[in-house]
Every structure is written in structure tokens, then in C-alpha cells.
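Got the viewer open? Load the model below, keep the selection box handy, and follow along stop by stop.

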Amino acid sequence: SRATSGTRPTLVFVHGFCLDMGTFHFQRKALAERGWDRMVFYDQPGHGRSGRLESGEYELSALGETLRAVIDRTVPEGPLVLIGHSMGGMTIMALAERHPEMFEDRVVGVVLMATSGGLLGQSKVGLPALIARVAGPLLPMVHTTTRLTGAMLDRARRAAADLAWLLTRRYGFGGSRPSPTLVSYVERMNSHTSVETIARYLRTLYTHARYPALAALRNTPTLVVAGERDMITPLAHSEEIVRRLPHAEYLRVPDSGHVVMLEHADEVNSVLLDFLERLAG
């Protein structure tokens, strides 16, 4: 993790599944240019440069505790703004579920980008549908008692590669002609996530249900950002969050997919900067 010092609330960024802290590249650049010098970025367990969990599945409760540990280590005191994308937003909800007191005395703002509080019906699109396509070959890796054969490992690697491609090319972007550079940037993050990590995250993401945890945010200024063509966490998920947090500001970005903060960085940054400047004073 990395932290810098200054006087404004510290911004803590939490990235999503199969990604890393680099997903907030454009936000980091824009904020630094506007004088925001208190920012923390880290890679979630099993992603980027972070180590893996020694055993068990990557439960969201464990990710929430990892976020708490990052905060305790880098920002032990002072106001915070938590900014999460996709699984990063779910991680913030897990923190709220386990430590609601933090949202009373330290967290002064929350930004939830392209995320979900839980499953909404039996949608034929979205993360559950993606997981269903690849879960069969990958799930044996979740159980450490399973004897993994060479053929099983080969199927798992192919399934992980398929998921990385789907997360990037088909479902990551909403526009018909996304920047090839951005697509490659996201695809590199997706493909660098190990097969083991993907397998151990699957059931956790599939069973995520934390809408009640949003109650901890009822007095916290909140910004919700969603791409109108997001096929991983469809718009209905953000709208359900806003329904439960009627005080929240809501940005819907047309022609954007799941990586909205990369695909439409200027629009997202404009609203994000305005939100943060008002929080600061």
C-alpha cells in the first residue's frame, strides 16, 4: 500500500475482482493535480502485488478486515473517504457490516462505483451468470482436499482465461469502440490474476448479500456511480443501493460498461472531484 500526507480527508481506494490498484489511475492523476495528497491504494489479497490467503476462501468479511488493517496501518486517525469499485464496493459494505462505528466517527464519505449489495433475482446477465459459465472447472480448486489432476488444472486454466477475456472484452466496456490501449490495460490486470485466486473468490462473489450493511451508511454522504451498459453489475444493482440510501448522489454514465472510471474518466472525475471538494469544505 502507499500513502501520502496532507490536510484533507484521506482517500482509500479499493479495487475489484481480477483487477488491481491501477484501475484508479485516472482518478489518482486528476486528484493529485487538484492538490489531494492524502491517498491510499492497495492490492486486495491474491491480486496485483499482494500475497494470497494461506487457506480457505476469500470471504468478503476477510476482505473487510484487510481493508481495516490497511486503514489501521496507513491512516490510524483522521477522517476517511472510502472509494470502491465492484468487489471493492462490496469490501466497503463488509467493513460497514463488521465495523459500523467507523461510519459514525471516521468515514465522512463513501463512493460506490459499479458495485452491488447482493443478487437481484435470477438475472441472465451479470457476475453470477459469468461465474456459472466457468465455475465447473474452477471449483475443485477451492477444496484443498480435492486431488487435482493435470487435466483438471488444464481445464481450470482455460476457464480462468475465458473469464479474463469476458471480463475485459465483452463485459468490461460499454462503448462500441473502446480504446485499444485501455482494453489491453484492463486485460493485463485480469489475466495476471492466478487461477487459484479466481477459484477461491468465486463462491464468495456468488453468495454476496450485504444490503442490510448499507444501513451503516445512512448518515454518510455517498456517491453512487454506474455505467448504463454494465453487464457485470447491471444498473439495477446501483439503483437498489440508491433506493436504500435515498440521500446518495447518483451518476449514471451512458455508453459505459463495468470499468466506468477508466472508460469515462473525465465524466467520473468531474463528479468525484465536486463530491470530494464539498466534503472537504
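Start by selecting strands β1 and β2 (residues 39-42): they run parallel and are joined by four bridges. Helices and strands here are DSSP runs (H or I of at least four residues for helices, E of at least two for strands), numbered from the N terminus, and two strands pair if DSSP finds at least two bridges between them. For one point of register, pick L11, which stands opposite M39 in β2.

A quick word on what you're looking at: this is a predicted model, in which local features need pLDDT of at least 70 and side-chain atom pairs count only at pLDDT 80 or more, while totals for chains, interfaces and linings use all residues. Residues are numbered from 1 along each chain as its sequence is written, and side-chain values use heavy atoms, with hydrogens and water left out.

**Stop 1: around β1**

Now add helix α1 (residues 25-33) to the selection. Together, β1, α1 and β2 make a right-handed β-α-β unit. To check the hand yourself, point the strands away from you: right-handed means that the path from the first strand over the helix to the second runs clockwise.

Stay on β1 (residues 10-14) and show its side chains: five of its five residues are buried. Buried means under 20% relative accessible area, exposed means over 50%, and partly exposed is in between, using a 1.4 Å probe and protein chains only. In a regular strand the side chains alternate between the two faces of the sheet. Here T10, V12 and V14 sit on one side and L11 and F13 on the other, and both faces are covered.

**Stop 2: across to β3**

Next, select β3 (residues 80-85), which pairs with β1 in the parallel sense over five bridges. Two pairs to click on are V14 with G84 and F13 with I83.

What about cover? Six of the six residues of β3 are buried. L80, L82 and G84 point one way, while V81, I83 and H85 point the other.

Carry on to strand β4 (residues 107-113): β3 and β4 run parallel and share six bridges. Among the pairs, V81 has G109 as its bridge partner in β4.

**Stop 3: α3 and the loop after it**

Select α3 (87-98). Put a distance between its end C-alpha atoms: they are 16 Å apart, which agrees with the 16 Å that its twelve residues should span at 1.5 Å a residue. That expected span is 1.5 Å times one less than the number of residues. Ten of the twelve residues in α3 are buried, including M87, M90, I92 and L95.

Just past it, pick H99, in the loop between α3 and α4 (102-105). Is H99 buried or exposed? With a relative accessible area of 15%, H99 is buried. Its side chain makes a polar contact of 3.0 Å with the side chain of R68. (A polar contact is a pair of N or O atoms within 3.5 Å; within protein, one must be able to donate a hydrogen and the other to accept it, and residues adjacent in sequence count only if both atoms are side-chain atoms.) Leaving aside neighbours within four places in sequence, H99 is in contact, meaning heavy atoms within 4.5 Å, with E65 and R68.

**Stop 4: α8**

Jump to helix α8 (residues 195-206), where the same ruler trick gives 17 Å between the end C-alpha atoms against an expected 16 Å for twelve residues, which agrees. Nine of its twelve residues are buried, among them I198, Y201 and L205.

Then click R203, also in α8. R203 is partly exposed, at 31% relative accessible area. Draw a C-alpha to C-alpha line from R203 to Y58: it covers 8.7 Å, although the two residues are 145 apart in sequence.

**Last stop: S256**

Where does S256 sit? Look in the loop between β6 (249-253) and α10 (260-263). S256 has 0% relative accessibility, so it counts as buried. Show side chains and you'll find a polar contact of 3.3 Å between those of S256 and E263. Not counting residues up to four places away in sequence, S256 touches G174, G227, E228, R229, D230, E263 and H264.

**Zoom out**

Finally, show the whole protein: eleven helices and six strands. Of its 281 residues, 53% count as buried.
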